[in-house]
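Student: I would like to go through this structure step by step, with the reasoning spelled out for each answer. Could we take the contacts between charged side chains before the sheets and the surface?

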Amino acid sequence: MPTVSQNKPYRVGRSRTGLGLFATKPIKKGAKIVRYFGPLLDSKKKDEDAIENKYLFELNNRWTIDGSVRENVARYINHACRPNAESDVKPRKRKVFIRAIKDIEPGDEINYDYGTDYFKAYLKPIGCKCDACEKKRKKQRAEARAERLRLKEKAERKALRKAEKLAEKRATQRAKAKAKKTAAAAKANGKANGKLNGTYLNGHSLTNVLGRKPAAPKRAPAPVLHA
C-alpha cells in the first residue's frame, strides 16, 4: 500500500473491490483532489501502443497516460455509476485531475465514472460493485423474494380453495348417498309391511290380519217332515 502524505485529504484503504481512495478531510464540491499521472504513451509507436493494462487513461487519439506506476495514487480510485468525483482531462497539457462534483465527507470513498468503454470491457463481465449497483441488486433481490413469496401464497390459497371445494363436493356426495340409502330403506320397509289398501300377507286377508272376525257361514234350512 503506497505511502500518502498526512497533509493530503485522502488515504488508500480497503474497499469492497480491493483497495480504494478515501477522504480523510472534508472535500468541497469543485475542488481538485489528486492528479492522475504516469508515463505518456504514444500510439504512433508500436511498442507503446501495444502496452495493455487497466490503468491506461486516454487523453486523445495519440496520447495515453499509463497510470500503472505505484506512485500514481489516483489509480486506486474506484469506478462508480453515481460518483462523487470526475476526471478533469486537459489534453493540451497532457494532464488529468480528479475533481469533486459534490461535497465529500471524511471516511467517504472517492470514486468517478471510468466511462462506457472501460465499463463494457472490464466491469460488465464481472458485475459492477459500486454502491449504486449494489443497492440496485439488493432491491432486485428483495423484489424477487417478494415475488416468490407472493406466488407461493397465491399457490397456497389456490390449493386451499381446491381442497375446500373437494371437501364440499365429497360432503354433498355423502349427503346424497345417505339420502338415497334412507329412501331405499324406507321403500324396503314399506314393502315388508304391505300396503293398507287390499294387500294380502301370507295368504290371509288384511282384515283377518287386523283382527276382524269373519262372517258366520249360512246354515242350511231344516228338513220338512210329512205325516
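Student: What is the N to O distance in the salt bridge where the side chains of Arg-16 and Asp-131 meet, and how many residues apart in sequence are the parts that the pair ties together?

Tutor: Bear in mind that this is a predicted model. The side chains of Arg-16 and Asp-131 meet in a salt bridge with an N to O distance of 2.9 Å. Arg-16 belongs to the loop between E1 and strand E2 (18-23) whereas Asp-131 belongs to helix H3, so the pair ties together parts whose separation in sequence is 115 residues.

Student: Is Asp-131 buried, exposed or partly exposed?

Tutor: The relative accessible area of Asp-131 is 47%, and the class between buried, under 20%, and exposed, over 50%, is the one called partly exposed. Its partner Arg-16, with a relative accessible area of 48%, is partly exposed. Asp-131, judged by its own value, is likewise partly exposed.

Student: Which strands hold Asp-88 and Arg-99?

Tutor: The side chains of these two residues, Asp-88 and Arg-99, meet in a salt bridge at 2.4 Å, N to O. Asp-88 is buried, its relative accessible area being 16%. Because the one residue lies in a strand that is not the strand of the other, the pair ties together parts 11 residues apart in sequence, with Asp-88 in strand E8 and Arg-99 in strand E9.

Student: How many bridges pair strand E8 with strand E9, and in which sense?

Tutor: Strand E8 covers residues 85-90 and strand E9 covers residues 95-100. Between them Lys-90 stands opposite Lys-95 in E9, and the hairpin has four residues between the strands, where Arg-94 takes a positive phi near 55°. The pairing of E8 and E9 is antiparallel, over six bridges.

Student: Where does the salt bridge of Arg-150 with Glu-147 lie?

Tutor: The closest N and O atoms of Arg-150 and Glu-147 are 2.7 Å apart. Arg-150 counts as partly exposed at 40% relative accessibility, and Glu-147 is partly exposed with a relative accessible area of 35%. The two residues are three apart, about one turn of the helix, and both lie in helix H3.

Student: Which residues do salt bridges that share partners join into one network?

Tutor: By the rule applied here, the salt bridges come to a count of six. Where such bridges share partners, they join residues into one network, whose members are Asp-88, Lys-90 and Arg-99.

Student: In the open sheet with the order E1-E2-E10-E7, which strands stand at the edges?

Tutor: This open sheet has four strands and mixed pairing. Strand E7 is joined to strand E10 (residues 109-112) by two bridges, and these strands run parallel, with Asn-111 in E10 as the bridge partner of Asn-78. A strand with a single partner strand has one side left without a neighbour in the sheet, so the edges are the places of strand E1 (10-15) and strand E7 (78-79).

Student: Which residues gather in the patch of positive charge on the surface, and what relative accessibility does Arg-161 have?

Tutor: The residues that gather in this patch are Lys-154, Arg-157, Lys-158, Arg-161, Lys-162 and Lys-165. Arg-161 is found in helix H3, which covers residues 131-193. Arg-161 counts as partly exposed, and its relative accessibility is 47%.

Student: What percentage of the residues of the protein count as buried?

Tutor: The protein has four helices and 10 strands. Of its 227 residues, the part that counts as buried, under 20% relative accessible area, is 23%.

How values were computed:
Residues are numbered from 1 along each chain as its sequence is written. This is a predicted model: local features need pLDDT of at least 70, side-chain atom pairs count only at pLDDT 80 or more; totals for chains, interfaces and linings use all residues. Side-chain values use heavy atoms; hydrogens and water are left out. Two strands pair if DSSP finds at least two bridges between them. Patches are made of residues with over 30% relative accessible area and no salt bridge: like charges are joined within 9 Å, nonpolar side chains (Val, Leu, Ile, Met, Phe, Trp, Tyr) within 5 Å. Accessible areas come from the Shrake-Rupley method with a 1.4 Å probe; for residues, only the protein chains shown count as cover. A salt bridge is a side-chain nitrogen of Lys or Arg within 4 Å of a carboxyl oxygen of Asp or Glu. Lys and Arg count as positive and Asp and Glu as negative; His and the chain ends are not counted. The place of a charge is taken as NZ of Lys, CZ of Arg, CG of Asp or CD of Glu. Buried means under 20% relative accessible area, exposed over 50%, partly exposed in between (1.4 Å probe, protein chains only).
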